[in-house]
Amino acid sequence: MLNELDERIVHALAEDARRSFADIGQLVGLSAPAVKRRVDRLRASGAITGFTVRVDPGALGWQTEGFVEIYCRSNTSPDAIRAGLERYPEIVAASTVTGEADAVVQIFASDMRHFEQVLEKVAGEPFVERTKSVLVLSPLLRRYSSGAPA
């Protein structure tokens, strides 16, 4: 469990992972070495799992986004679902869910035809009974920071 100071550091890094320890220190009231020690401890404990870059999918040619509910055949484990989906680079997120569907996946594709091709492949997986998809018209809000809201 993170304390308030650690959460503030994590949120600062989530906003911009290239932010300097000195800059973060000014935000949270610590010296740069103290921030570095806390970040090192958070990494060692597994609270921070890595640093990454966020790229606009459109800049990479991914113009179409959709969410697909997956309804699985009985007795399909989450590991089997993950193994079946992880080979598709267009799937950027997949989660098991409550409700009628067994899982929901987020797909980015270059265009509608590409989305349809990915959907057909996913629907053809042996564990998939049926799918239900929706396309994103306009993303309204995306948050990338980790942890509870600051």
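Of the 150 residues of the protein, 29% count as buried, a value that, like every other one here, is computed from a predicted model. The overall dimensions can be read beside that figure: the radius of gyration is 19 Å, whereas a compact globule of 150 residues would have one near 15 Å, and the C-alpha atoms, taken along the principal axes, fill a box of roughly 55 × 35 × 25 Å. Among the contacts with a sequence separation of 6 or more, 67% are made by residues that lie 24 or more positions apart.

The secondary structure consists of 5 helices and 4 strands, and these elements succeed one another along the sequence in the pattern α-α-α-β-α-β-β-α-β. A helical pair stands at the start of that pattern, namely α1, which spans residues 4-15, and α2, which spans residues 21-28.

The axes of α1 and α2 are 10 Å apart, and the two helices pack at an angle of about 130°. Because angles over 145 degrees are needed for a roughly antiparallel arrangement and 65 to 115 for a roughly perpendicular one, α1 counts as oblique to α2. The crossing of the two helices is right-handed. On the α1 side, the contact is formed by L5, R8, I9, A12 and L13, which meet I24, L27 and V28 of α2. In terms of residue class, this contact is made up of 7 nonpolar residues and 1 charged residue, with no polar residue taking part.

The loop that joins α1 to α2 contains D16. With a relative accessibility of 37%, D16 falls between the limits of 20% and 50% and therefore counts as partly exposed. D16 can also be set against a residue elsewhere in the chain, R73, from which it is separated by 57 residues in sequence and by 42 Å in space, C-alpha to C-alpha.

A second loop, between β1 (64-72) and α4 (78-85), holds N75. What is the backbone peculiarity of N75, given that it is not a glycine? N75 has a positive phi of about 65°. The background to this point is that most residues other than glycine have a negative phi. N75 has a relative accessibility of 80%, which lies over the 50% limit, so N75 counts as exposed. The two loop residues thus belong to separate accessibility classes, D16 being partly exposed and N75 exposed.

Definitions and conventions: Residues are numbered from 1 along each chain as its sequence is written. This is a predicted model: local features need pLDDT of at least 70, side-chain atom pairs count only at pLDDT 80 or more; totals for chains, interfaces and linings use all residues. Side-chain values use heavy atoms; hydrogens and water are left out. Buried means under 20% relative accessible area, exposed over 50%, partly exposed in between (1.4 Å probe, protein chains only). Axes are lines fitted to C-alpha atoms, for helices over the stretch in contact, and angles run from 0 to 180 degrees between N-to-C directions. Angles under 35 degrees count as roughly parallel, over 145 as roughly antiparallel, 65 to 115 as roughly perpendicular and the rest as oblique. A crossing is left-handed if the near helix is turned anticlockwise from the far one by less than a right angle, and right-handed if clockwise. Contact means heavy atoms within 4.5 Å. Ala, Val, Leu, Ile, Met, Phe, Trp, Tyr, Cys and Pro count as nonpolar, Asp, Glu, Lys and Arg as charged, and the others, Gly among them, as polar. The radius of gyration is taken over C-alpha atoms; the globule rule is 2.2 Å times the number of residues to the power 0.38.
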